[in-house]
Amino acid sequence: MVIIMLGAQGTGKGTVAGIISEHTGLVQLSTGDIFRKNIKEQTQLGIEANKYIAKGDLVPDEITVPMVVEYLDSEIVKNGVILDGFPRSLAQAEKLDKILAERGKKVDLVVNLTTPRDEIIDRILTRRVCSNPKCKTTYNLKMHPPIKEGICDKCGSELIQREDDSNEESINKRLEIYDNQTAPLVEYYRKKGILRTEEVSIRINRMGKQVASDIIKDIQEK
Ligand code: ADP
Ligand code: ZN
């Protein structure tokens, strides 16, 4: 099974994908996390990708697509995958369809998360992530803070703020790229009949956790 998470930054894609992954055994593949791991380890891929990421730009397809293919072909994803952060443009979506078709697979479900913009900016600025690359749990200082300040509940590692989350300029640039390049994918997948849109917002008291559990229920019934 192949699931894609769509939605702007800060809508809770990573959180929802993580919960679905825990309950279904589908592997969560976050391109942003893979890039950050490579940046931390100073690999060639990381050094190259960071030139774009630090500025809030998309990493070129020549780097991103082969990296995703390598993961898709690896043993760990053989039972299925939740793609979190890929595809991010029509070109990537078309490439993904082709890559999957060559392997006798297809995208089964696209979960599109929507959140009002003012809420999004607030959520990104108050987002903290676990610094342990094996854990990567996301917190929010206002909505779901850790029990002990600055420390991950799950693994005890230090919580950090992502560099690209700390300034509004980078946040706005990423949101603009989302609107221009990624948002058209909503229509692309709607036409294929595999789109499921879910509003995640404190105003309607619907958060990622509930969305995830509804989706898990549907997956398990199938
Ligand atoms: P966010 O969604 O908050 O921007 P991510 O963790 O998904 O954060 O991604 C971090 C950065 O990694 C992005 O700003 C972009 O530079 C790069 N990136 C992630 N996924 C892709 C992708 N599919 N194509 C190009 N660049 C990507
Ligand atoms: Zn942790």
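In which sense do β5 and β6 pair, and over how many bridges? I will come back to that in a few minutes, once we have looked at the whole protein.

A word of caution before we start: this is a predicted model, in which local features need pLDDT of at least 70, side-chain atom pairs count only at pLDDT 80 or more, and totals for chains, interfaces and linings use all residues. Residues are numbered from 1 along each chain as its sequence is written, chains are lettered from A and ligands numbered from 1 in the order in which they are written, and side-chain values use heavy atoms, with hydrogens and water left out.

Let us begin with the overall form. The protein has 9 helices and 8 strands, where helices (H or I, at least four residues) and strands (E, at least two) are DSSP runs numbered from the N terminus. Its C-alpha atoms fill a box of roughly 45 × 40 × 35 Å along the principal axes. The radius of gyration, taken over C-alpha atoms, is 17 Å, which agrees with the value near 17 Å for a compact globule of 222 residues, the rule being 2.2 Å times the number of residues to the power 0.38. Of those 222 residues, 48% count as buried, which is to say that they have under 20% relative accessible area with a 1.4 Å probe, protein chains only. If we take the contacts with a separation of 6 or more, 69% of them come from residues 24 or more positions apart, a contact being heavy atoms within 4.5 Å.

Now to the main sheet. It is open, with 5 strands in the order β2-β3-β1-β4-β8 and parallel pairing, and two strands pair if DSSP finds at least two bridges between them. The edge strands are β2 and β8 (195-199), each of which pairs on one side only. Please look at β3, residues 81-84, which is joined by 4 bridges to β2, residues 27-30, and also pairs over 4 bridges with β1, residues 2-7. On the β2 side, V27 stands opposite V81 and S30 has D84 as its bridge partner, while from β1 it is I4 that stands opposite L83. In a regular strand the side chains alternate between the two faces of the sheet. In β3, V81 and L83 lie on one side and I82 and D84 on the other, and all of them are buried.

That brings me back to the opening question: β5 and β6 pair in the antiparallel sense, over 3 bridges, and R128 has Y139 in β6 as its bridge partner. β5 is also joined to β7 by 2 bridges, again antiparallel, with C130 standing opposite L159. From β5, R127 and V129 point one way and R128 and C130 the other, and all are buried.

C130 also takes us to the metal. The zinc ion, ligand 2, is coordinated by the SG atoms of C130, C135, C152 and C155, at 2.3 to 2.4 Å; donors here are N, O and S atoms within 2.8 Å of the metal, or 3.2 Å for Na, K and Ca. In sequence these donor residues are spaced C-x4-C-x16-C-x2-C. One pair links distant parts of the chain, since C130 is in β5, residues 127-130, whereas C152 is in the loop between β6 and β7, 22 residues apart. Both C130 and C152 are buried.

Notes: Buried < 20%, exposed > 50% of the residue type's maximum accessible area, 1.4 Å probe, protein only.
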